[in-house]
Number of protein chains: 2
Amino acid sequence: MIPNKPDHSKSQRLTQQRSAVLHAVEMVRTHPSAEEVFHLVRKELPNISLATVYRNLHLLAEEGKIREVQFEGDVLRYDGITGPHEHFYCRSCRTVWDIDRSLSPQAIHDVERSMKASVESYNLDFYGLCSVCRRKA
Amino acid sequence: MIPNKPDHSKSQRLTQQRSAVLHAVEMVRTHPSAEEVFHLVRKELPNISLATVYRNLHLLAEEGKIREVQFEGDVLRYDGITGPHEHFYCRSCRTVWDIDRSLSPQAIHDVERSMKASVESYNLDFYGLCSVCRRKA
DNA sequence: CTCTTATCAGTAATGATTCCTAATAAGCCC
DNA sequence: GGGCTTATTAGGAATCATTACTGATAAGAG
């Protein structure tokens, strides 16, 4: 037993289930829900359990390998892209679009200073109608 | 029956319960959950039902009289301030702080242009440790 | 004061997520 | 490669927030 060298990664064994879940979230670009990941992974591992999908999604998010995202009135969803970016959520079709943009370090620092707090992360989500749904409405 | 003049307000009768729920959310500055509003309102109306609190919170939010807010790993909460502002959420004590700041119209328009979408609203939430919790940690 | 019906209290139902347990399989050691 | 330890799994039960349902109540128009 080695007391030093703390293990930051919560997942210690690379199981088929875990890598399949990670792979699914990374491959698909739809910001899938747990249920959707479950259906995707099932094609490869027909016996995987929904609880396993939930457990691994949570674990992978904690390790920073995927990102948890949540939008008003919707279920938790997952994003395979972990770098800083923002989201546009269509209130009609519930599609999530990545926005390649991010707050300036200055803006974040301003919040830290005014709050006297440390800011670890932030979420910026835009809501509205996407180009397709806007035409229909 | 008057076909014109659509009634935007979903709540048509001003009941004791409804005004008590609205009053509670407006008075308290803690961005309370439904459960917390329930306990607050109970002091005034001991027989009010939790379902009534939920129904009215939802209704009032739809009318724009209060605002629904949600933070990572937390329950839905409500904000009595409806004007544009942002939030800081302490991951440790779960306190929500209002930030008197808002995105420039230009930034929002940039998103609309790049997405070819219409942006109705946005949420900007900062996560971290507040000044008090930062000292403890 | 009456009457219509939106709203209520109370409780059952739902839906997403988490917990529990015996069985399984990573992956280290030989 | 074969054992061995134990993290992880499958499957189902349990939890928790929220919503739906139903007969009773009370807003508020006339």
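1. In what follows, helices (H or I, at least four residues) and strands (E, at least two) are DSSP runs, numbered from the N terminus. The structure is a predicted model, and the points below concern its two largest pockets.

2. In the second largest pocket, helix 3 (50-62), strand 1 and strand 5 of chain A each contribute two or more lining residues, that is, at least two. Strand 5 of chain A provides the largest share of this lining, six residues. Domain 1 (11-82) and domain 2 (84-137) of chain A are each represented by at least three residues.

3. The volume of the second largest pocket is about 490 Å³. Its lining comprises 22 residues, and those closest to the centre are R67(A), S121(A), Y122(A), E72(B) and R91(B). Sorted by class, this lining holds eight nonpolar, eight polar and six charged residues.

4. The largest pocket encloses about 930 Å³ of space. It is lined by 38 residues, of which E72(A), R91(A), Y127(A), E68(B) and N123(B) lie closest to its centre.

5. Several elements of both chains line the largest pocket with at least two residues each: strand 1 (67-69) and strand 5 (118-129) of chain A, and helix 3 (50-63), strand 1 (67-69) and strand 5 (118-129) of chain B. The greatest contribution, six residues, is made by strand 5 of chain B.

6. As to the chemical character of the largest pocket, the lining consists of 13 nonpolar, 14 polar and eleven charged residues. Charged residues also appear among those closest to its centre, including E72(A), R91(A) and E68(B).

Conventions:
Residues are numbered from 1 along each chain as its sequence is written. Chains are lettered from A and ligands numbered from 1 in the order in which they are written. This is a predicted model: local features need pLDDT of at least 70, side-chain atom pairs count only at pLDDT 80 or more; totals for chains, interfaces and linings use all residues. Side-chain values use heavy atoms; hydrogens and water are left out. On a 1 Å grid over the protein atoms alone, a cavity is a set of points where a 1.4 Å probe fits but cannot get out, and a pocket is an open set with protein on both sides within 12 Å along at least five of seven lines; lining residues have an atom within 4 Å of a point. Grid points are joined across faces, edges and corners, and a volume is the space filled by probe spheres set on the points. Domain bounds come from an automatic or database domain assignment.
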